[in-house]
Amino acid sequence: MNLVCPLCNGLYKVVFNCSQCNTIMVDKGPLVNLMDDYSPYLLDEITYLVDGVKRGECLHTYRCPNCGFKQNYSIERKVF
Ligand SMILES: [Zn+2]
Ligand SMILES: [Zn+2]
């Protein structure tokens, strides 16, 4: 059994509205995948950044195309 993030795998989309102006926010992708490109020297910082994110969740960054407001959302991974 594999836990996969439905957003990363294109299974479905999750829509969030901007808390500042109520515009539908755009998924900028998973934070963890972005970090995979980082060098091992940054591992401590990565651990710090993802601290507080539960296993089984994928942290996505959403950005509002209207006002630029950014927010991270934890997406629950599903068994697929
Ligand atoms: Zn994801
Ligand atoms: Zn906004």
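Which residues are the protein donors of the zinc ion (ligand 1)? In this predicted model, they are Cys-5, Cys-8, Cys-58 and His-60. Apart from the zinc site, the model holds 3 aromatic pairs, and Phe-16, Tyr-62 and Tyr-73 form one aromatic cluster.

**Zinc site**
- The cysteines Cys-5, Cys-8 and Cys-58 each donate through SG, and His-60 donates through NE2.
- These donors lie 2.0 to 2.3 Å from the zinc ion (ligand 1).
- The arrangement is tetrahedral because the 4 donor atoms subtend angles of 103 to 113° around the zinc ion (ligand 1).
- Along the sequence, the donor residues follow the spacing C-x2-C-x49-C-x1-H.
- Both Cys-58 and His-60 are buried.

**Aromatic pairs**
- By the ring-centre criterion, the count of aromatic pairs is 3.
- One of them joins Phe-16 and Tyr-62 edge-to-face, with 4.9 Å from centre to centre and 85° between the planes.
- This pair links distant parts of the chain, 46 residues apart: Phe-16 is in the loop between β1 (3-4) and β2 (26-30), and Tyr-62 is in strand β3 (residues 57-63).
- Tyr-62 has a relative accessible area of 1%, so this residue counts as buried.
- Phe-16 and Tyr-73 are stacked, because their ring planes are at 5°, under the 30 degrees cut-off, with the centres 3.5 Å apart.
- This second contact also links distant parts of the chain: Tyr-73 is in strand β4 (residues 70-76), 57 residues from Phe-16.
- Tyr-73 is buried too, at a relative accessible area of 15%.

Conventions: Residues numbered from 1 in each chain as written. Chains lettered and ligands numbered in written order. Predicted model: local features only at pLDDT ≥ 70, side-chain atom pairs only at ≥ 80, totals over all residues. Heavy atoms only, no water. Phe/Tyr/Trp six-rings, centres within 6.5 Å; stacked < 30°, edge-to-face > 60°. Helix = DSSP H or I, 4+ residues; strand = E, 2+ residues; numbered from the N terminus. Buried < 20%, exposed > 50% of the residue type's maximum accessible area, 1.4 Å probe, protein only. Donors = N, O, S within 2.8 Å, 3.2 Å for Na, K, Ca; no water. Tetrahedral: all angles 85-135°; square planar, octahedral: opposite > 155°, others 65-115°.
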